[in-house]
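This report describes the sheets, the packed helices and the enclosed spaces of one protein model. Please read it alongside the sequence and the structure shown here.

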Amino acid sequence: MQLHHSCRKGLAMVDYSPALMTDMYEYTMLDAALKDGTADRKCVFEVFTRRLPEGRRYGVVAGTGRILDALEHFHLDETDLKFLADRHVVSPETIKWLENFHFSGTIRGYREGEMFFPNSPILQVEGTFGECTLLETLILSVLNYDSAVASAASRMASAAKDRPCMDMGGRRTNEWAAVAAARAAVVGGFKGTANLLAARLYGLKAIGTAAHCFTLVHDSERDAFESQIEALGKNTTLLVDTYNIEEAVKTAVEVAGPELGGVRIDSGDLAAMAQRVRNQLDALGATNTTITVTNDLDEYALAALQTAPVDSYGVGTMLVTGSGAPTCAMVYKLTEREGADGTMVPVMKKSKDKATVPGRKLAFRSYEYALAEAEHVISGSEEKLAGFTPEPTWKNLLVDFVDHGQIDAQWQGHDAIMAAHDYHAKALSELPITAQSLMKGEPVIPTETQVL
């Protein structure tokens, strides 16, 4: 599959359009709405989740930058249009409408790295029904997965305290999900990734040296270590658990000297082995050699390793699967639409257990003694919201990403990811300390909804 990319924003585009990364009913709805005249009605759609994964205290927003990247290329070429026509997905009139499609609406929401809670208006998409409905699946697929990974990464980074966590999950998920996961992990607090494509596209720190097969292909462990040192220098990290860890550490220091950069342990009782290896390294004079541990880590395992002499962690499966919560159950719902007389009308679902709050939203977080105490979601007409005055201690949570079709580039690319990483750390520090507890519990702050 041919890969195209933009160096300016680190965007990867393969040989299909994001405009087809959608469900068929979005195009059939568009087709019917164009025929009955409702496609041009102004609408406001909202992304939110009704609940956090069981026992979680907070969620972390990630993926908005990827949505903006995709939005730049959200159009259909001749081949795509022919596919829709040949399959009779839409009528010839709709094919004509799609030929020059460009999203001209407005998108605002929670910035990447921000915390979210049940009913937080994470993203609001405003435009015509025709253009907004086409974005549903793309937006949800990105936000649901990326936010799940960022939320898991945040819990893991918190459990690791000041020891860096690195993404090593590429081989445990879909190849493109791996790239998205690496990006989301950094938003949630990780420091780098083993995935080279993610490192190239987004300017992330790349990590990795050798696997067990590298040791096994050599005639001896010493030969493998000498080869790696010769190729990568003494500052490399040697994998020491292929055979016997104690013998491997001894050999590693003999080959590299006390200047050996690091060793990695990938099996066994990690805490006990890390302690023994630390003592052995110190006894051999390699007091500055670091210890990295890997092997099916999650936030609970990381918390259990807090007293062990470990310097960094590599996390794989549990990171890219959201540590048991691979989706955030976010939904994309119409909350306001233009009526026949041109005025905006709040709308809502009344379905059992799936009711929605009508109207466009404002979102704030209130603080007391520099700690968050509640999420405030204010709903109402555009006129009423314009006249709403929040309390002095409330922080506005909504930022503008797209203004009438114009994307704000500050939310894309490497710098945006690093800004989200830093913002997340600050936002987490402003939550009550119970947010970082791994015990199951309710959201750490309540969400209070007010309809004007």
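## Cavities

The largest cavity has a computed volume of about 60 Å³, in a structure that is a predicted model. In total, 3 cavities of 30 Å³ or more are counted. The lining of the largest cavity is made up of Thr-64, Gly-65, Arg-111, Glu-112, Phe-401, Trp-411, Ala-416 and Ala-420, and by class these divide into 4 nonpolar, 2 polar and 2 charged residues. Helix H2 and helix H16 (413-429) each contribute at least two residues to this lining.

## The antiparallel sheet

Helix H2, which spans residues 64-72, also lies across strand E5 (106-110), strand E7 (123-128), E19 and E20, and runs at about 10° to E19. These four strands belong to an open sheet of 7 strands with antiparallel pairing, whose order is E15-E14-E3-E7-E5-E19-E20. Strand E15 (344-346) and strand E20 (406-407) stand at the edges of this sheet with a single partner strand each, so one side of each is left without a neighbour in the sheet.

A second helix, H6 (residues 136-159), lies across strand E3 (42-49), E7 and strand E14 (330-338), and its direction makes an angle of about 140° with that of E14.

Which neighbours does strand E5 pair with, and over how many bridges? On one hand, 4 bridges join E5 to E7 in an antiparallel arrangement, and within this pairing Arg-108 has Gln-124 of E7 as its bridge partner. On the other hand, E5 pairs with E19, again in the antiparallel sense, over 4 bridges, and here Ile-107 stands opposite Val-402 in E19. With 4 of its 5 residues buried, E5 is largely enclosed by the rest of the structure. Moving on to the edge, strand E19 (residues 398-403) pairs with E20 in the antiparallel sense over 2 bridges, and Asp-403 has Gln-406 of E20 as its bridge partner.

## The parallel sheet

Another open sheet consists of 6 strands in the order E9-E8-E13-E12-E11-E10, with parallel pairing. Its edge strands are strand E9 (192-193) and E10, each of which pairs on one side only. Three of the pairings in this sheet are set out below, each with one pair of facing residues.

| Strand pair | Sense | Bridges | Facing residues |
|---|---|---|---|
| E8 and E13 | parallel | 3 bridges | Met-166 and Gly-314 |
| E12 and E13 | parallel | 2 bridges | Thr-292 and Ser-312 |
| E11 and E12 | parallel | 4 bridges | Gly-262 and Thr-290 |

Strand E13 thus pairs with strand E8 (residues 165-167) and with E12. Along E13, Ser-312 and Gly-314 point one way while Tyr-313 and Val-315 point the other way, and all of these residues are buried.

## The largest pocket

Strands of the parallel sheet also take part in the wall of the largest pocket, where about 990 Å³ of space lies. At least two lining residues come from each of strand E10 (237-239), strand E11 (262-265), strand E12 (290-293) and strand E13 (312-315), and E13 provides the largest share of the lining, namely 4 residues.

How many residues line this pocket, and which of them lie nearest its centre? The lining comprises 37 residues, and those nearest the centre are Met-168, Ile-207, Gly-208, Arg-264 and Thr-294. By class, the lining of the largest pocket divides into 12 nonpolar, 17 polar and 8 charged residues.

## Asn-396 and its surroundings

Is Asn-396, which has a relative accessibility of 48%, to be classed as exposed or as partly exposed? Because a residue counts as exposed only over 50% relative accessible area, Asn-396, at 48%, counts as partly exposed. Asn-396 lies in strand E18 (residues 394-396). Once its neighbours within four places in sequence are left aside, Asn-396 is in contact with Ala-363 and Phe-364. Between Asn-396 and Leu-362 there are 8.0 Å from C-alpha to C-alpha, although the two residues are 34 residues apart in sequence.

Methods
Residues are numbered from 1 along each chain as its sequence is written. This is a predicted model: local features need pLDDT of at least 70, side-chain atom pairs count only at pLDDT 80 or more; totals for chains, interfaces and linings use all residues. Side-chain values use heavy atoms; hydrogens and water are left out. Two strands pair if DSSP finds at least two bridges between them. Contact means heavy atoms within 4.5 Å. Axes are lines fitted to C-alpha atoms, for helices over the stretch in contact, and angles run from 0 to 180 degrees between N-to-C directions. On a 1 Å grid over the protein atoms alone, a cavity is a set of points where a 1.4 Å probe fits but cannot get out, and a pocket is an open set with protein on both sides within 12 Å along at least five of seven lines; lining residues have an atom within 4 Å of a point. Grid points are joined across faces, edges and corners, and a volume is the space filled by probe spheres set on the points. Ala, Val, Leu, Ile, Met, Phe, Trp, Tyr, Cys and Pro count as nonpolar, Asp, Glu, Lys and Arg as charged, and the others, Gly among them, as polar. Buried means under 20% relative accessible area, exposed over 50%, partly exposed in between (1.4 Å probe, protein chains only).
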